[in-house]
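I sat down with this structure and a list of things to look up. My notes follow in the order I made them.

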Amino acid sequence: MKLRRTTLPLALIALAGAALAATAVAAQILPPVGNRAVPQPAKPVDPARYAGLWYEMGRYENSFERGCEAVSAEYRMRDDGLLQVVNTCRDGGLDGPIKMIKGRARIVAGSEGAKLKVSFFGPFFFGDYWVLDHGEAYDWSIVGEPSGRYLWLLTRSADPSPAMRAMLESRARELGYDTGLIRPTLH
């Protein structure tokens, strides 16, 4: 088949347009990178002590939590060695309907409990969940993953003190995160 001279430039323009559209869609789906050099977790994590209820103090905005307030995550040890994960939020505001998703997580071998693989859909573990740092009393936690696009600041209290808030933001900054991208969570 012989192409006309005008067909090739039109095909290239169409291809370029499709590439731009795909880039625009990806930009809407993927949050910006807030840390281009995500560090390894700072210390081991005891899963039994990490288990329990955590409240989200702030996060990097992402598509699966868009519009969520009063966000909490509960972790429970399962008999099979996995962790049960239950994430809950109020959709659209503090008075919005409750949205909940259940999943499971497995500890990554050799990570001293600080790296998890999480699954909310199906039998496969895809999501990375790294406990980058935590309080000695397990009263706060900073969670990220290797791409630097996701960050969560968690506390055991729905309303942490101003000193706790300042310390967590400072520690996230020390870990290389752009704290200007943190979206505070209302409770």
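**Largest pocket.** I began with the lining of the largest pocket in this predicted model. By class, I find 24 nonpolar, five polar and five charged residues there. The lining comes to 34 residues in total. Which of them lie nearest the centre of the pocket? I noted Phe 64, Asn 87, Val 118, Phe 120 and Trp 152. The volume of this pocket is about 860 Å³.

Next I asked which strands supply at least two residues each to that lining. My list reads E1 (52–60), E2 (68–77), E3 (83–91), E4 (98–107), E5 (115–119), E6 (127–134) and E8 (151–155).

**Overall layout.** I then stepped back to the whole chain. The chain has three helices and nine strands. Along the sequence I read the pattern α-α-β-β-β-β-β-β-β-β-α-β. The chain holds 187 residues, and 38% of them are buried. I also looked at contacts with a separation of 6 or more. Of these, 53% join residues 24 or more positions apart.

**Confidence.** The mean pLDDT of the chain is 88. A value of 70 or more is reached by 85% of the residues. Where does the pLDDT fall below 50? I found this over residues 8–27. That stretch has zero contacts in the model beyond near neighbours in sequence.

**Disulfide.** How many disulfides does a search of the whole structure find? I got one. Cys 68 and Cys 89 form it, with sulfur atoms 2.2 Å apart. Cys 68 lies in strand E2 and Cys 89 in strand E3, so the bond ties together parts that are 21 residues apart in sequence. I checked whether each partner is buried or exposed. Cys 68 counts as buried because its relative accessibility is 2%. Cys 89 is buried too, at 4%.

**Cavity.** I searched the whole structure for cavities of 30 Å³ or more and found one. Its volume is about 50 Å³. Which residues line this cavity? I wrote down Val 45, Pro 47, Tyr 50, Leu 83, Ile 107, Gly 113, Leu 116 and Val 131. By class, seven are nonpolar, one is polar and none is charged.

**Val 131.** I picked one of the cavity-lining residues, Val 131, for a further look. Val 131 sits in strand E6. Is Val 131 buried or exposed? Its relative accessibility is 1%, so it counts as buried. I left aside neighbours within four places in sequence and listed its contacts: Pro 41, Val 45, Tyr 50, Ala 114, Ser 141 and Ile 142. Among them, Val 45 and Tyr 50 also line the cavity. Pro 41 is 90 residues from Val 131 in sequence. In space, the two are 6.0 Å apart, C-alpha to C-alpha.

**Positive phi.** Last, I looked at backbone angles. Most residues other than glycine have a negative phi. I noted Ala 70, which has a positive phi of about 50°. Ala 70 lies in strand E2. Its relative accessible area is 23%, so Ala 70 is partly exposed.

I also noted Glu 112, with a positive phi of about 55°. Where is Glu 112 found? I placed it in the loop between E4 and E5. Glu 112 counts as exposed because its relative accessibility is 58%.

How values were computed. Residues numbered from 1 in each chain as written. Predicted model: local features only at pLDDT ≥ 70, side-chain atom pairs only at ≥ 80, totals over all residues. Heavy atoms only, no water. 1 Å grid on protein atoms, 1.4 Å probe; cavity = no way out; pocket = protein on both sides within 12 Å on 5 of 7 lines; lining within 4 Å. Points joined across faces, edges and corners; volume = space filled by probe spheres on them. Nonpolar A, V, L, I, M, F, W, Y, C, P; charged D, E, K, R; others polar. pLDDT = per-residue confidence, 0-100. Contact = heavy atoms within 4.5 Å. Helix = DSSP H or I, 4+ residues; strand = E, 2+ residues; numbered from the N terminus. Disulfide = S-S within 2.5 Å. Buried < 20%, exposed > 50% of the residue type's maximum accessible area, 1.4 Å probe, protein only.
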